[in-house]
Amino acid sequence: MRQNIDSWNTARNGYRTYLVAERNFSPNTVISYMHDVEEFSHYVLLMYDAAPELVSRSMVESFMASLYDRGREKSSQARMLCSLRSFFNWMIAENGIDSSPAEFVESPKFGRRLPDSLTTDDIDRIIAAIDSSTVKGLRDCAMLELLYSCGLRVSELVSLRLGDLFFGDGYIRVTGKGNKQRLVPVSDKARDRVQIYLDARRSPDSDTDILFLNNRGRALTRVMVFTVIRDAARMAGIDKHISPHTFRHSFATHLLSGGAGIRQVQEMLGHENISTTEIYTHLDERRLRATMERLDRTEFED
């Protein structure tokens, strides 16, 4: 068994290097993938005492069945299988195994649940509920306005730097997943709120140029942003499950309902595949049909 443990350790270390150096994944994504592979490797060692290159499809299916028996959510099961497929595809390329034992394992079926969406009035109420008489309040107002008006991921928001602001040209530079950068238009309201915050904020002790700082002059964490939103929503009397992603979803929904094309929204959200953008939409059937008819006419005229 010791030899198989060493084989798994070597494989996991190599896979981690691949995720960081070649895929350029964020630290949180790497941790998630590695956690899944580690859980699977412990199962295989315990139940089969097998090295990674000797894992079979039946072992993967047995592991997935154990997740189901333990009551793991379908979304968690699907994520786990995705991680294993990524790991064994890397094994094919780097360790010479012939095929992936996870390739034809069936993924759990579940419907995609749309996140709650906020109206523009809801968003205004949430931001208005923040006490803007303090620097922290000005920061929180600017932060939520920018989160919504630019459709940012929370990780993109907390990593924004002063050098990413191009207010004179009407946009900000956003660094998304895989360190891919995109330019996103910024609203006048968001620009003004950010500028008011910057004028009021005291110079931090550190030399960081991070845009949104905590009271120690350091970058905010994602948990801090969650907390700000939760508290502001409660003060506004909005009884919904609200997270930073709710603002992003609302941004996409409002753009689409206002007539923006799905390709435009895809670019602003920074989605690699348009199928990902489609889950943010919950347009009525009549609008969707009208959009498709308009696209058909355009293609015919071209």
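1. Let's begin with the salt bridges: the structure holds 19 of them, a salt bridge being a side-chain nitrogen of Lys or Arg within 4 Å of a carboxyl oxygen of Asp or Glu. Please keep in mind that this is a predicted model, in which local features need pLDDT of at least 70, side-chain atom pairs count only at pLDDT 80 or more, and totals for chains, interfaces and linings use all residues. Residues are numbered from 1 along each chain as its sequence is written, and side-chain values use heavy atoms, with hydrogens and water left out.

2. A good pair to look up is Asp36 with Arg79, a salt bridge whose closest N and O atoms are 2.6 Å apart. This pair links distant parts of the chain, with Asp36 in helix α2 (residues 27–47) and Arg79 in helix α4 (residues 74–95), 43 residues apart. Helices (H or I, at least four residues) and strands (E, at least two) are DSSP runs, numbered from the N terminus. Are the two partners buried or exposed? Asp36 counts as buried, at 0% relative accessibility, whereas Arg79 counts as partly exposed, at 35%. The cut-offs are under 20% relative accessible area for buried, over 50% for exposed, and partly exposed in between, with a 1.4 Å probe and protein chains only.

3. Helix α2 also takes part in the salt bridge between the side chains of Arg70 and Glu39 (3.5 Å, N to O). Here Arg70 sits in the loop between α3 (57–69) and α4, while Glu39 belongs to helix α2, and the pair links distant parts of the chain, 31 residues apart. Glu39 is buried, with a relative accessible area of 17%.

4. Further along the chain, Arg182 and Glu156 form a salt bridge, with 2.9 Å between the closest N and O atoms. Again distant parts of the chain are linked: Arg182 is in strand β3 (residues 181–185) and Glu156 in helix α7 (residues 154–158), 26 residues apart. Both ends are buried, Arg182 with a relative accessible area of 11% and Glu156 with 1%. Salt bridges that share partners also make a network, which joins Glu39, Arg70 and Arg72.

5. Next, have a look at how two helices pack. The axes of helix α1 (residues 2–22) and α4 come within 10 Å and cross at roughly 95°. These axes are lines fitted to C-alpha atoms, for helices over the stretch in contact, and angles run from 0 to 180 degrees between N-to-C directions. The two helices, α1 and α4, are therefore roughly perpendicular to each other; angles under 35 degrees count as roughly parallel, over 145 as roughly antiparallel, 65 to 115 as roughly perpendicular and the rest as oblique.

6. Which residues of α1 and α4 meet? Trp8, Ala11, Gly14, Tyr15 and Tyr18 in α1 are in contact with Ser83, Ser86, Phe87, Trp90 and Met91 in α4, where contact means heavy atoms within 4.5 Å. By class, this contact of α1 with α4 has seven nonpolar, three polar and no charged residues. Ala, Val, Leu, Ile, Met, Phe, Trp, Tyr, Cys and Pro count as nonpolar, Asp, Glu, Lys and Arg as charged, and the others, Gly among them, as polar.

7. Aromatic rings deserve a point of their own: the whole structure has 14 aromatic pairs. Rings of Phe, Tyr and Trp (its six-membered ring) pair if their centres lie within 6.5 Å, and planes under 30 degrees apart count as stacked, over 60 as edge-to-face and the rest as tilted. The rings of Trp8 and Phe40 have centres 6.1 Å apart and planes at 75°, so the pair is edge-to-face. Trp8 lies in helix α1 and Phe40 in helix α2, so the pair ties together parts that are 32 residues apart in sequence. Both Trp8 and Phe40 are buried.

8. Phe87 and Phe88 also form an edge-to-face pair, at 5.0 Å centre to centre with 75° between the planes. Phe87 is buried at a relative accessible area of 0%, and Phe88 counts as buried at 0% relative accessibility. One aromatic cluster includes Trp8, Phe40, Phe87 and Phe88, along with Tyr15, Tyr18, Tyr43, Tyr48, Phe63 and Trp90.

9. Finally, the chain as a whole: its secondary structure comes to 13 helices and three strands. Of its 302 residues, 41% count as buried.
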